[in-house]
Amino acid sequence: MNIGEMPEENDARIEKGICSSCGLCSVKDWPMQESLQSCVFKNGWLGKREKALFGRERKPDNPEEMRFGIALERFTAQLNHPLPDAQWSGIVTTIARKAFESGLVDGVATLHRSEGSRFFSKPVLAMSTEEIDASRGNKPVLSPVLRSLQTAARKKLKTVLVIGAACHIHILRDFKDRFPYLQDMEIYTVGIPCVDNVHRDKFHWILERMSKSPGTACHMEFMQDFRIHIKHTNGRTEKIPFFSLPQELSNPDIFPVACMGCFDYLNSLSDITVGYLAARLLPDQNRQWLIVRTDKGKKLLDLINGQLERHAEEGIWDCRKYVLQNAERVIADMKNTNALYSPDRKIPLWLGHALSWMLSRTGPKGIGFAHYSVDFHLIRHYYYIKYRYPEQLPVLVPRHVRSILQEYNLPL
Ligand SMILES: Cc1cc2nc3c(=O)[nH]c(=O)nc-3n(C[C@H](O)[C@H](O)[C@H](O)COP(=O)(O)OP(=O)(O)OC[C@H]3O[C@@H](n4cnc5c(N)ncnc54)[C@H](O)[C@@H]3O)c2cc1C
Ligand code: SF4
Ligand code: SF4
């Protein structure tokens, strides 16, 4: 059980409960009890926070808004000149760089790679173009982004851009509204979609079970072709079908409770979300998916609009049969808290590749793939919480999740 685990320094006398190590509790300049009051794992996802930001909650009769959140505009795009070594084409880093160079913000709260591992992070308040450029690329571990707010407050910065996952943005918005410490600071946010993040002490164990050469892995992404793509230092890309992962990697206990209790995959409280989920996967392109949510998000987009090759969203919305194909198995897995997970693959690699190949041609694409992925994860997380932490169900789960489960006639 991961409840109460906390890799960053903390005051052991205070019970934290579920925690994604967002970094706010390790700030020393205000009481940790106050940081905790803003924790999304105490306040729950969306609901009042969504209403505070947009003046309303997402509409239950709008299927796209229920999944993707409230938006002014959604489209797919890639940078005309992609940034080398970025996670996709580097839209996030380019927005941050432009926001800083144009004087819109005085600093950027984000992450650098840690010295020990290119997959691990350390929080940084980037205050030069070089420091912003060095923040590009994913660090697929829980990361204390919000710790840098202390540095920003000490430096009395007037405007700050925060790049974070949904838990960071939820906690930040609540804290800024509830307490006086950041009230003089104008904050812009770029959100990344985020799911299946891991504690750093589990990361290498997982990588060793995914890759034939974990020591040379330098970039990893779960792709729309139903495979994990792992790039290696020699330039080779290893592709592992989701269906052929060792069974022990489907054990929900390898993920932090926080991430299994996460109900905002698409970072719906950010000013602009930059991901890839609904973007078309094309050889030699790194198309991304942008969801502009607020006027501040529009201002951030305007900084880079001229550098984007833009495309309308594509794909067929309906993915019901694919969701239902998996739902029963997922619910049974979440219910069975004593299951044993073998290190063997259920499906050999060659068959997994054939299945991925077939699904990437016949299965959901574009917004259909994003729809499928959002629904799959919210079903998995709802039943994880229901069977393992039932007392958290009324706290964590936003109301649209139940409406979506009802669409599939799944039990509440
Ligand atoms: C664990 C994880 C899972 C993800 N899953 C999905 C997904 O399922 N679907 C999807 O569309 N997108 C997902 N993303 C986001 C996606 O991989 C890209 O980060 C995003 O599309 C931006 O690409 P870019 O080239 O513009 O980013 P870059 O220009 O390379 O910038 C990436 C930015 O993200 C920040 N960052 C990296 N890791 C973290 C972290 N752990 N916490 C907070 N900030 C971080 C970096 O510091 C940097 O500022 C995930 C990201 C992470 C970390
Ligand atoms: S998620 Fe953040 S606010 Fe919540 S307990 Fe952990 S460090 Fe504190
Ligand atoms: S999956 Fe959710 S809780 Fe976990 S790091 Fe990402 S946004 Fe935070």
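**Figure 1. A three-stranded open sheet in the predicted model.** Let's begin with an open sheet of 3 strands, which has the order 6-7-8 and antiparallel pairing. Strand 6 (217-222) and strand 8 (237-241) form the edges, each pairing on one side only. From one strand to the next, the twist averages 20°. Everything in this close-up, and in those that follow, comes from a predicted model.

**Figure 2. Strand 6 beside strand 7, with the helices that pack on them.** Here you can follow strand 7 (residues 227-232) as it runs antiparallel to strand 6, the two being joined by 5 bridges. If you would like one pair to look for, try Phe 222, whose bridge partner in strand 7 is Ile 228. Helix 9 (residues 200-210) lies across strand 6, strand 7 and strand 8, and it runs at about 80° to strand 6. Helix 13 (residues 349-362) also packs on the sheet, where it touches strand 7 and strand 8. The direction of helix 13 makes about 85° with that of strand 8.

**Figure 3. The second largest pocket, lined in part by strands 6, 7 and 8.** This pocket has a volume of about 980 Å³. Its lining takes in 42 residues, and those nearest the centre are Met 223, His 229, Leu 281, Leu 282 and Gln 285. Strand 6, strand 7, strand 8 and helix 13 each supply at least two residues of the lining. The largest share, 4 residues, comes from strand 7. By class, the lining divides into 16 nonpolar, 13 polar and 13 charged residues.

**Figure 4. An eight-stranded open sheet with mixed pairing.** To trace this sheet of 8 strands from one side to the other, follow the order 3-2-4-5-9-10-1-11. Strand 3 (121-126) and strand 11 (308-311) stand at the edges with a single partner strand each, so one side of each is left without a neighbour in the sheet. On average, and with direction ignored, neighbouring strands of this sheet are turned by 30° against each other.

**Figure 5. A closer look at strand 1 and strand 10, and at helix 8 on the sheet.** Strand 1 (residues 73-79) pairs with strand 10 (residues 288-292) in the antiparallel sense, over 5 bridges. A handy place to start is Thr 76, which stands opposite Trp 289 in strand 10. Elsewhere on the sheet, helix 8 packs against strand 4 (159-164) and strand 5 (186-191), touching both. The direction of helix 8 makes about 160° with that of strand 5.

**Figure 6. The residues around ligand 3.** Among the residues around this ligand are Cys 167, Cys 194, Cys 259 and Cys 262. Phe 41, Leu 142, Ala 165, Ala 166, Val 195, Asn 197 and Ala 258 are also part of the shell. Helix 8 (166-178) and helix 10 (257-260) are the elements that give two or more residues to this shell. The shell around ligand 3 divides into 10 nonpolar residues, 1 polar residue and no charged ones.

**Figure 7. The residues around ligand 2.** This ligand has 11 residues around it. Cys 19, Ser 20, Cys 22, Cys 25 and Cys 39 come nearest, so to speak the natural place to rest your eye. Sorted by class, the shell around ligand 2 has 7 nonpolar, 3 polar and 1 charged residues.

**Figure 8. The largest cavity and the helices that line it.** A search of the whole structure turns up 5 cavities of 30 Å³ or more. In the largest cavity there is about 150 Å³ of space. Of the 18 residues that line this cavity, Phe 263, Asp 264, Tyr 265, Val 374 and Leu 378 lie nearest its centre. The elements that give two or more residues to the lining are helix 4 (63-68), helix 14 (367-388) and helix 16 (399-407). Helix 14 gives the most, with 4 residues. The lining of the largest cavity has 11 nonpolar, 4 polar and 3 charged residues.

How values were computed. Residues are numbered from 1 along each chain as its sequence is written. Chains are lettered from A and ligands numbered from 1 in the order in which they are written. This is a predicted model: local features need pLDDT of at least 70, side-chain atom pairs count only at pLDDT 80 or more; totals for chains, interfaces and linings use all residues. Side-chain values use heavy atoms; hydrogens and water are left out. Two strands pair if DSSP finds at least two bridges between them. Axes are lines fitted to C-alpha atoms, for helices over the stretch in contact, and angles run from 0 to 180 degrees between N-to-C directions. Contact means heavy atoms within 4.5 Å. A residue is near a molecule or strand if one of its heavy atoms lies within 4 Å of it. Ala, Val, Leu, Ile, Met, Phe, Trp, Tyr, Cys and Pro count as nonpolar, Asp, Glu, Lys and Arg as charged, and the others, Gly among them, as polar. On a 1 Å grid over the protein atoms alone, a cavity is a set of points where a 1.4 Å probe fits but cannot get out, and a pocket is an open set with protein on both sides within 12 Å along at least five of seven lines; lining residues have an atom within 4 Å of a point. Grid points are joined across faces, edges and corners, and a volume is the space filled by probe spheres set on the points.
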